[in-house]
Amino acid sequence: MRLLKAATCNLNQWAMEFECNMKNIKASIAEAKAAGAVIRLGPELEVTGYGCEDHFLELDTVTHAWDCLKELLLGDWTDGILCSIGMPVIKGAERYNCQVLCMNRRIIMIRPKMWLANDGNYRELRWFTAWKQRGELEEFQLPIEISEALSQKTAPFGYGYIQFIDTAVAAEVCEELFSPVPPHADLALNGVEVFMNASGSHHQLRKLDIRLNAFMGATHARGGVYMYSNQQGCDGGRLYYDGCACIVVNGDVVAQGSQFSLRDVEVIISQVDLDAVASLRGSISSFQEQASCKVKVSSVSVPYKLTQSFNLKMTLSSPKKIMYHSPQEEIAFGPACWLWDYLRRSGASGFLLPLSGGADSSSVAAIVGCMCQLVVKEIGKGDEQVKADANRIGNYASGEFPTDSKEFAKRIFYTVFMGSENSSEATKMRAKQLAEEIGAWHLDVCIDGVVSAVLSLFRTVTGQRPRYKVDGGSNVENLGLQNIQARMRMVLAFMLASLLPWVHSKPGFYLVLGSSNVDEGLRGYLTKYDCSSADINPIGSISKQDLRLFLRWAAMNLGYQSLADIEAAPPTAELEPIRSDYTQLDEVDMGMTYEELSVYGRMRKIFRCGPVSMFKNLCYKWGTKLSPAEVAEKVKYFFKYYSINRHKMTTLTPSYHAESYSPEDNRFDLRQFLYNSKWPYQFKKIDEIVDGLNGDSVAFPEEEASSSKEVGVVAANSSDPSAGR
């Protein structure tokens with residue numbers, strides 16, 4: 001037997017915060033060595049943090065990374081253990097995303113990333129060059145300060161692997177695993193048994209199985225030990241890196257770390273038998289045949305033995321059941337961990353949330369409540385860093401710390417119901433009850449006086465006083481009156497967030513939380529610079545449908561029972577007067593259902609459909625209930641309002657990324673914000689297709705009838721407040 005003990009980790013790094021990052025790297029190495037591991041794998045770009053973005057273009061960033069690596073190599077951190085350290089490296093005129101493989105105070109090899117992530121949220125080609133050379137390893141001249149300090153002038157640079165006395169080890173960096181022809185295929189044929197994948201992979205709802213299936217597939221047919229390390233937490237942007245470091249042997253997961261955790265350092269240890277890899281490969285005829293005519297990959301020889309012989313004191317890691325969270329749990333834990341990192345690193349003293357009693361703001365409140373529960377739970381486990389952060393933010397006296405989530409929420413979470421004459425007593429009471437269940441410090445504020453003052457000013461300036469539509473006013477008046485209320489709430493929220501700490505004799509400020517969902521953003525069903533304009537928004541990339549499922553889950557699993565009533569209530573903005581014969585409803589205002597919006601969003605972004613191709617696809621999807629002409633009207637109506645309101649995405653509150661059809665303009669969904677909302681060419685094409693179908697018999701598959709629940713026809717209300725600029 002060749003017994004190998006390996007360690008991989010989840011690290012909560014912070015972009016450009018080198019001291020924090022080095023502290024975590026050292027802690028992970030120390031923990032790995034204490035457990036007897038001989039390999040330690042860290043996340044991609046762990047020294048700098050993955051999310052540095054244009055800071056990668058600064059020479060200082062690369063220089064600081066080398067200084068940090070020098071600090072590691074001058075100490076005893078790498079003695080007796082192979083460490084894979086992620087950092088940027090400049091070679092000649094090019095900047096590379098590299099894994100620096102170190103052992104016994106020397107750089108053994110520098111492995112540049114060959115296939116860069118450059119879609120979705122990723123822009124690696126903006127900052128790095130992909131390494132395309134597949135030939136011999138090159139000699140890289142180390143920076144003079146490094147070479148003098150380490151007494152090492154050069155290091156092998158390029159695509160290759162390390163050949164130890166008893167096994168071969170190689171790096172495969174993040175995106176390379178998911179490329180059409182991944183490096184591990186050739187590396188396995190060259191005898192590599194241990195693959196180290198350093199990653200910076202963000203959380204997205206329902207995504208984890210794709211990642212784990214890739215790890216298992218990499219070694220199922222080829223054999224091997226696949227190690228995966230990831231960042232975990234908010235490193236300074238919209239993404240939450242969801243950890244889940246793991247080790248896979250011959251297609252079986254033998255170790256899995258947490259996906260959502262408040263810990264800064266989590267090390268996963270596994271002991272494996274490399275003879276099991278050799279045995280599997282020897283039993284696969286096709287592997288033997290392909291290995292006999294392989295493309296040779298360069299290697300670096302290291303006269304060091306990593307494995308131990310048969311030893312009953314060393315227990316082998318066995319295959320384990322993979323831990324998957326439900327989407328409702330992902331919505332609870334992912335944004336909660338993201339909010340905690342943002343809170344503790346921003347210098348803020350707490351959160352302030354305009355709590356309307358509706359589904360969206362109540363979801364945000366529940367997520368903050370979940371965060372408070374996680375903090376108290378982690379303190380109970382003995383995490384000193386979480387304890388120190390909680391004590392500072394909660395302004396606890398010396399020797400005190402949070403032991404109850406509701407008591408902790410009272411110190412750091414502030415909710416305010418900003419009601420008007422248009423608000424119902426039901427939503428007011430639901431907001432108050434939910435705040436009490438969470439433990440938040442709750443305010444009930446009437447904004448009628450502020451709105452009245454603004455309208456009086458308008459009347460003084462113009463001599464006119466606008467009226468609601470139900471009182472005989474025009475659409476323009478109706479929209480203006482709704483937008484005044486929404487924008488006043490934003491101003492009041494930021495005023496309270498700035499001054500309440502002073503009132504409470506607390507240092508710092510409160511972060512204002514937004515609560516618009518991904519579907520409202522896509523449709524533009526929000527007033528620009530209303531109370532959705534906040535510091536951060538934990539649900540801005542989550543669909544209304546998923547939020548309603550989350551509310552039901554949270555009512556039972558987080559202990560906030562009022563969420564059940566909130567979820568059951570019909571969504572309404574409550575910006576127009578309530579009359580016996582009229583109640584404002586979101587889906588009526590929008591002219592489409594939230595279920596339809598989710599379909600439009602997925603087709604527009606995930607399946608890259610323009611108006612014409614979306615129309616064609618929906619003719620099949622909805623054809624059992626709607627005629628082509630009706631489908632055409634729905635598609636044109638959606639694209640009309642999508643384009644009219646696209647400008648709002650440029651000012652959208654920075655939101656936690658969770659959904660692959662997010663319309664977020666800043667990083668993910670890069671499209672113009674000035675459109676011809678008539679779409680004359682595209683809509684003409686749709687009309688031509690509809691005209692061509694008239695009189696033809698159109699057959700649709702019966703199984704599509706199940707989708708009819710998604711196509712509830714809703715009459716458009718011309719008083720749509722989303723038109724407000």
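## Charges over rings

Let's start with a cation over a ring: the charged end of R523 sits over Y641, 4.2 Å from the centre of that ring. Keep in mind that this is a predicted model. A second case of this kind involves R411, which lies over the face of Y396 at 3.8 Å from the ring centre.

## Aromatic pairs

Ring-on-ring pairs come up a lot here, with 32 aromatic pairs in the structure. Take Y414 and Y510: their ring centres are 4.3 Å apart and their planes meet at 15 degrees, so this pair counts as stacked, the cut-off being under 30 degrees. Y414 belongs to strand β18 (residues 413-419) and Y510 to strand β20 (residues 510-512), so the pair ties together parts that are 96 residues apart in sequence. Both Y414 and Y510 are buried.

There's also a cluster held together by ring pairs. Its members are Y240, F260, F333, W338, Y342, F550, W553 and Y656.

## Around S515

Just past strand β20 in the chain is a spot to zoom in on: S515 is found in the loop between β20 and α16 (518-523). Is S515 buried or exposed? Its relative accessible area is 15%, and the cut-off for buried is under 20%, so S515 is buried.

What does S515 touch, leaving aside its neighbours within four places in sequence? The contacts are D360, S361, V364, N537 and I539.

## Domains and the 1–3 interface

Zooming out, the domain assignment splits the protein chain into domain 1 (2-324), domain 2 (328-587) and domain 3 (591-724). The centres of domain 1 and domain 3, taken over C-alpha atoms, are 43 Å apart. These two domains do touch: 11 residues of domain 1 are in contact with 12 residues of domain 3.

How much area is buried between domain 1 and domain 3? The figure is about 1,100 Å², and carbon and sulfur atoms give 43% of that. On the domain 1 side, N121, Q204 and R238 supply 53% of the area buried against domain 3, more than any other three residues.

## The annotated stretch

UniProt has an unreviewed entry for this chain, and that record lists residues 4-274 as "domain: CN hydrolase". In the model, residues 4-274 are 24% helix and 32% strand. The C-alpha atoms at the two ends of this stretch are 7 Å apart.

Key. Residues are numbered from 1 along each chain as its sequence is written. This is a predicted model: local features need pLDDT of at least 70, side-chain atom pairs count only at pLDDT 80 or more; totals for chains, interfaces and linings use all residues. Side-chain values use heavy atoms; hydrogens and water are left out. UniProt positions are given in the numbering used here, feature names are shortened, and annotations may be inferred rather than shown by experiment. Helices (H or I, at least four residues) and strands (E, at least two) are DSSP runs, numbered from the N terminus. Rings of Phe, Tyr and Trp (its six-membered ring) pair if their centres lie within 6.5 Å; planes under 30 degrees apart count as stacked, over 60 as edge-to-face and the rest as tilted. Buried means under 20% relative accessible area, exposed over 50%, partly exposed in between (1.4 Å probe, protein chains only). A charge sits over a ring if NZ of Lys or CZ of Arg is within 6 Å of the ring centre and within 35 degrees of the ring normal. Domain bounds come from an automatic or database domain assignment. Contact means heavy atoms within 4.5 Å. Buried area is the accessible area (1.4 Å probe) that two parts lose on being put together, summed over both.
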